[in-house]
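Please look over the sequence and the model below before reading on. The paragraphs after it take the interior, the surface and a charged pair in turn.

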Amino acid sequence: MATRLKTPLSQRLRLDIPVFQAPMASVTTAALAAAVSKAGGLGGFGCAYMQIDAMRREVAALRAITD
């Protein structure tokens with residue numbers, strides 16, 4: 001098994017690997033953020049162009065499919 005890179009930030013965020021998925025507005029989704037998170041990184045989704053109701057739905061979806 002390969003040695004994993006550990007940083008103070010990745011340890012504080014409890015990441016298996018210090019990978020941060022860019023939360024690009026209008027092209028990322030809760031599903032993509034969840035996949036990155038489940039793989040051990042930090043997933044995020046951009047919401048700069050979303051209406052508030054769409055943001056709430058994405059947050060709810062992300063919470064439902066991640067721990």
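What follows is a walk through this structure, which is a predicted model.

A good place to begin is the interior. In soluble globular proteins, nonpolar side chains tend to be buried together. Here the largest nonpolar core has 5 residues, namely A30, A33, A34, F45 and L62. Helix α2, which spans residues 30-38, supplies the largest share of this core with 3 residues. One of the core residues, A34, can be followed further: when its neighbours within four places in sequence are left aside, A34 is in contact with L62, I65 and T66.

From the interior the view can move to the surface, where L9, L13, F20 and L42 form a nonpolar patch whose accessible area comes to about 340 Å² together. Within this patch, L13 sits in the loop between α1 (8-12) and α2, and L13 counts as partly exposed because its relative accessible area is 38%, a value between the 20% and 50% limits.

The last stop is a pair of charged residues. Side chains of opposite charge can pair when their charged atoms come close. The structure holds 1 salt bridge, and this joins D53 to R56, with the closest N and O atoms 3.6 Å apart. Both D53 and R56 belong to helix α3 (residues 52-65), where they are 3 residues apart, or about one turn of the helix. How exposed are D53 and R56? With 45% relative accessibility, D53 counts as partly exposed, whereas R56, at 53%, counts as exposed.

Technical notes:
Residues numbered from 1 in each chain as written. Predicted model: local features only at pLDDT ≥ 70, side-chain atom pairs only at ≥ 80, totals over all residues. Heavy atoms only, no water. Salt bridge = Lys/Arg side-chain N within 4 Å of Asp/Glu carboxyl O. Helix = DSSP H or I, 4+ residues; strand = E, 2+ residues; numbered from the N terminus. Buried < 20%, exposed > 50% of the residue type's maximum accessible area, 1.4 Å probe, protein only. Core = buried A, V, L, I, M, F, W, Y, C linked by side-chain atoms within 4.5 Å. Contact = heavy atoms within 4.5 Å. Patch = residues over 30% accessible without salt bridge, like charges linked within 9 Å, V, L, I, M, F, W, Y side chains within 5 Å. Areas by Shrake-Rupley, 256 points an atom, 1.4 Å probe, with all protein chains shown as cover.
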